[in-house]
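Me: I am new to reading protein models. Please take one part and walk me through it slowly.

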Amino acid sequence: MIRVFSRNIVRFLLLVLIQVLVLNNIQLSGYINPYFYVLFILLMPFETPGWVVTLMGFFLGLTIDLFANTPGMHAAATAFMGYLRLFVLRYMEPRDGYEPGSFPRVYYYGFNWFLRYTLFLTFVHHLALFFIEAFHFTAAGHVLLRVVLSTFFSVLLIMISQYLVFRK
C-alpha cells in the first residue's frame, strides 16, 4: 500500500513537471494542446474510491492551473473526468471483473480496452476544458475541432507511454 502511494506521488510530480515545462509550450496552430497529465487519473488503482479520484483530479488540475494561469479550468475538467472514471470502469468491466492487484494499463487488459478507456475519458476532459475556456457555444465548431485534435494527440502520447514507461 505504501509502495503504491509513493509511486502515485512520484507519478503526480513527474506528470505535472512534464506538462508544465514541456507540453504547455506546445501549441500547434492553436488547435493542438496536448494534456498528458490526465494519465495520472487514468492509471490510479481500480480500488481507489470515486471520491478520492475526484478529489485527486481537482488537486491535479489546480496544480496545472497554478502554472498555466487558468483559474479553475483544469481543476473543473479533471475533477469531472475523475468523477466519471468510476462509471466508465464499471461499464467497461470484464465479465469476470478486474483481477485483484491489477491496474488499468495496456499490460493487464490489452490495447483495445485501454484505448477505449483512455479515448473516452480524455475526450470528456478536453471537451469540458475547452468549453469552459471558451465559455460560450457560438464557436462550437472551433472548440470541437480543438477537442478532437487535442484528444488525438494526448491519447497518442498516453499510448506511447504505455509501451515505453509503464510496461508493467
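Which residues lie nearest the centre of the largest pocket, and how many residues line the pocket?

Reply: A word of caution before the details: this is a predicted model.

Start at the middle of the pocket. F5, N8, M44, T48 and V52 lie nearest the centre of the largest pocket. The full lining of this pocket has 15 residues. The volume of the largest pocket is about 400 Å³.

Now ask what kind of residues these are. The lining of the largest pocket has 12 nonpolar residues. It also has 2 polar residues and 1 charged residue.

Next, see where the lining comes from. Helices α1 and α3 each supply at least two residues of it. The largest share, 5 residues, comes from α1. That makes α1 a good place to look next.

Helix α1 runs through residues 2-21 and has 20 residues. From its first C-alpha to its last, α1 reaches 28 Å. That is close to the 28 Å expected at 1.5 Å a residue.

Some residues of α1 are hidden. N8, R11, F12, L15, V16, Q19 and V20 are buried. Down the axis of α1, these buried residues fall within an arc of 145°, so they line one face of the helix. A general rule helps here. An α-helix has 3.6 residues a turn, so residues three or four places apart point the same way. You can try that rule on the list of buried residues yourself.

Turn to the other side of α1. There I2, R3, L13 and L21 are exposed. What covers the buried residues of α1? The cover includes α2, residues 39-42, and α3, residues 50-68.

Keep N8 in mind. This residue is among those nearest the centre of the largest pocket, and it is also buried in α1. N8 turns up once more, in the lining of the largest cavity.

So look at that cavity too. The structure holds 1 cavity of 30 Å³ or more. The largest cavity has a volume of about 30 Å³. V4, R7, N8, R11, L43, P45, F103 and R105 line it. By class, that lining has 4 nonpolar, 1 polar and 3 charged residues. R11 also appears among the buried residues of α1.

V4, from the cavity lining, gives a sense of distance. V4 and E93 are 89 residues apart in sequence. In space, C-alpha to C-alpha, they are 22 Å apart. E93 lies in the loop between α4 and α5. Its relative accessibility is 40%, so E93 counts as partly exposed.

Now follow α3 to its far side. The loop between α3 and α4 contains N69. Phi of N69 is near 55°, a positive value in a residue other than glycine. Most residues other than glycine have a negative phi. The relative accessibility of N69 is 70%, so N69 counts as exposed.

Finish in α4, residues 73-91. F80 is found in this helix. At 39% relative accessibility, F80 counts as partly exposed. F80 touches V124 and A128, leaving aside residues up to four places away in sequence. F80 and V53 are 27 residues apart along the chain. Their C-alpha atoms are separated by 9.9 Å.

To recap, begin with the largest pocket and its 15 lining residues. Then follow α1, which gives the largest share of that lining. Last, turn α1 to compare its buried residues with the exposed ones on the other side.

Definitions and conventions: Residues are numbered from 1 along each chain as its sequence is written. This is a predicted model: local features need pLDDT of at least 70, side-chain atom pairs count only at pLDDT 80 or more; totals for chains, interfaces and linings use all residues. Side-chain values use heavy atoms; hydrogens and water are left out. Helices (H or I, at least four residues) and strands (E, at least two) are DSSP runs, numbered from the N terminus. The expected span of a helix is 1.5 Å times one less than its number of residues. Buried means under 20% relative accessible area, exposed over 50%, partly exposed in between (1.4 Å probe, protein chains only). The arc is that of the directions from the helix axis to the C-beta atoms. Contact means heavy atoms within 4.5 Å. On a 1 Å grid over the protein atoms alone, a cavity is a set of points where a 1.4 Å probe fits but cannot get out, and a pocket is an open set with protein on both sides within 12 Å along at least five of seven lines; lining residues have an atom within 4 Å of a point. Grid points are joined across faces, edges and corners, and a volume is the space filled by probe spheres set on the points. Ala, Val, Leu, Ile, Met, Phe, Trp, Tyr, Cys and Pro count as nonpolar, Asp, Glu, Lys and Arg as charged, and the others, Gly among them, as polar.
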